[in-house]
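I opened the notebook to go through the charged side chains and the cysteines. The entries follow in the order in which I looked things up.

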Amino acid sequence: MVIERLENPKNWDEELANFQGGLFMTSAWLSAVSNKDIKPLYLRFILDEKPFAIAGGIDVLVGKGPARQLLFYSGIASGSKDPFLIKKCKYELYMFARKNGYQRIVLKSYDNQSYVPAKIREFKRMGRMEYIFRLDNYKDSVIDGFSRSLRRKARKAKREGAVLKKSYSVELIGKLFRFINETYDVRQSKGYGAYVYLFLPYFGRDEIVRLVKAKHAALYYAERNNETLSMSLVFSCQKKAYGILMGTSRDGYKAGAPSFLNYELACILKEQGYSYLNIGGVQRDVKHQGLKDFKDQLGTDVVASGEEATNFLNPPLSFLNPLLNLKRFLSGFKVLPWRFKKTIIKLIDLILKKRDQL
């Protein structure tokens, strides 16, 4: 197996669809997150002189230094389910990175619905899951999959005048962030753990503006009596959609707006011929059980995948790998008191200078 690096491929999205690749490997996404320091990367894996798999990601700096790493938001896409061949792809990617002087590889799993558990020792793995409305599978109504309580909330909101609207106006992005911050405050009051809502690496307000201006992402919002109650940023391509961000006002929670928005959005996308709506995952912390319970009641499919990352691949950063491994060990070792672990991890982070983070 060999790897080809493609420069500005013209038919990338069509090839990606053939390999069942996720939305975060599309040219629309990679263009939105690219800038002078972040370069899009398109790779093709060749087996027996034929394309076997592809991977689209970014070539980005490690921390603030000159070293660079490879980040793939959605892993490797292949039509094959053979773990042996997928392992071979990962190993070839590992060798490609080392030969080309990259310091690290990170394989995220956003919208990776064809994930194959194929572990190799060069990558450390962490399990993950996402919740997906299978819109092409619904024979009757989307709401039939909702739990009784969420069904009641969605219908009640509609009876009371709630409507769903769509916009490509960048002026609404400020309101989206206000709702997201209000949602954060509500969750904190309910005992949720701290979390970062801009969870996608290298994705912030500027990238949101680019996606919305290009009409690759839309703002869907629930409105009642000219008052916005809840809002979601939805990225879409090739009749597939991913709800990246969602925020709701306190009045919106009382009105059942999150249930209404999810229901109406799924219905609209279904009518427009979309195959699915991915509403993302849930943080692993048990303090986020409330959000998990909500998504469990939506009638979605739960799709398991995994995130993987290498240690540092080349000197001088590879000399830090013992500390990186110690940090991983302490984070997962439950016997030690958290205060003790936290102190050691803080000392390690001072040395690593966040070069292990994205």
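How many salt bridges does the count come to? I noted first that this is a predicted model. The count comes to 18 salt bridges. I then looked up several of them one by one.

**Entry: aspartate 59 and arginine 5**

I found a salt bridge between aspartate 59 and arginine 5, with the closest N and O atoms 3.7 Å apart. This pair links distant parts of the chain, 54 residues apart. Aspartate 59 sits in strand β3 (residues 50-61), and arginine 5 in strand β1 (residues 2-6). I checked accessibility for both partners. Aspartate 59 has 7% relative accessibility, so I entered it as buried. Arginine 5 has a relative accessible area of 36% and is therefore partly exposed.

**Entry: aspartate 349 and lysine 327**

Here the closest N and O atoms of the salt bridge are 2.7 Å apart. Aspartate 349 belongs to helix α11 (residues 338-352) and lysine 327 to helix α10 (residues 321-332), so the pair ties together parts that are 22 residues apart in sequence. I wrote down aspartate 349 as partly exposed, because its relative accessibility is 23%. Lysine 327 is buried, because its relative accessible area is 13%.

**Entry: aspartate 37 and lysine 36**

I also looked up the salt bridge between the side chains of aspartate 37 and lysine 36, which is 3.2 Å from N to O. Aspartate 37 is partly exposed at 35% relative accessibility. Lysine 36 is exposed, with a relative accessible area of 68%.

**Entry: a network**

I listed Lys108, Arg128, Glu130 and Glu307 together, since a network of salt bridges links them.

**Entry: positive patch**

Which residues gather in a patch of positive charge on the surface? I found Arg148, Arg152, Lys153 and Lys190 there. I followed up lysine 190, which lies in the loop between α5 (173-189) and α6 (205-213). Its relative accessibility is 58%, over the 50% cut-off, so lysine 190 counts as exposed.

**Entry: cysteines**

How many disulfides does the structure hold? I found zero. A disulfide is a covalent bond between the sulfur atoms of two cysteines. I checked the accessibility of two cysteines as well. Cysteine 237 has a relative accessible area of 15%, and cysteine 267 has one of 16%. Buried means under 20%, so I entered cysteine 237 as buried, and cysteine 267 as buried too.

Terms used. Residues numbered from 1 in each chain as written. Predicted model: local features only at pLDDT ≥ 70, side-chain atom pairs only at ≥ 80, totals over all residues. Heavy atoms only, no water. Patch = residues over 30% accessible without salt bridge, like charges linked within 9 Å, V, L, I, M, F, W, Y side chains within 5 Å. Areas by Shrake-Rupley, 256 points an atom, 1.4 Å probe, with all protein chains shown as cover. Salt bridge = Lys/Arg side-chain N within 4 Å of Asp/Glu carboxyl O. Lys, Arg positive; Asp, Glu negative; His and termini not counted. Charge placed at Lys NZ, Arg CZ, Asp CG, Glu CD. Helix = DSSP H or I, 4+ residues; strand = E, 2+ residues; numbered from the N terminus. Buried < 20%, exposed > 50% of the residue type's maximum accessible area, 1.4 Å probe, protein only. Disulfide = S-S within 2.5 Å.
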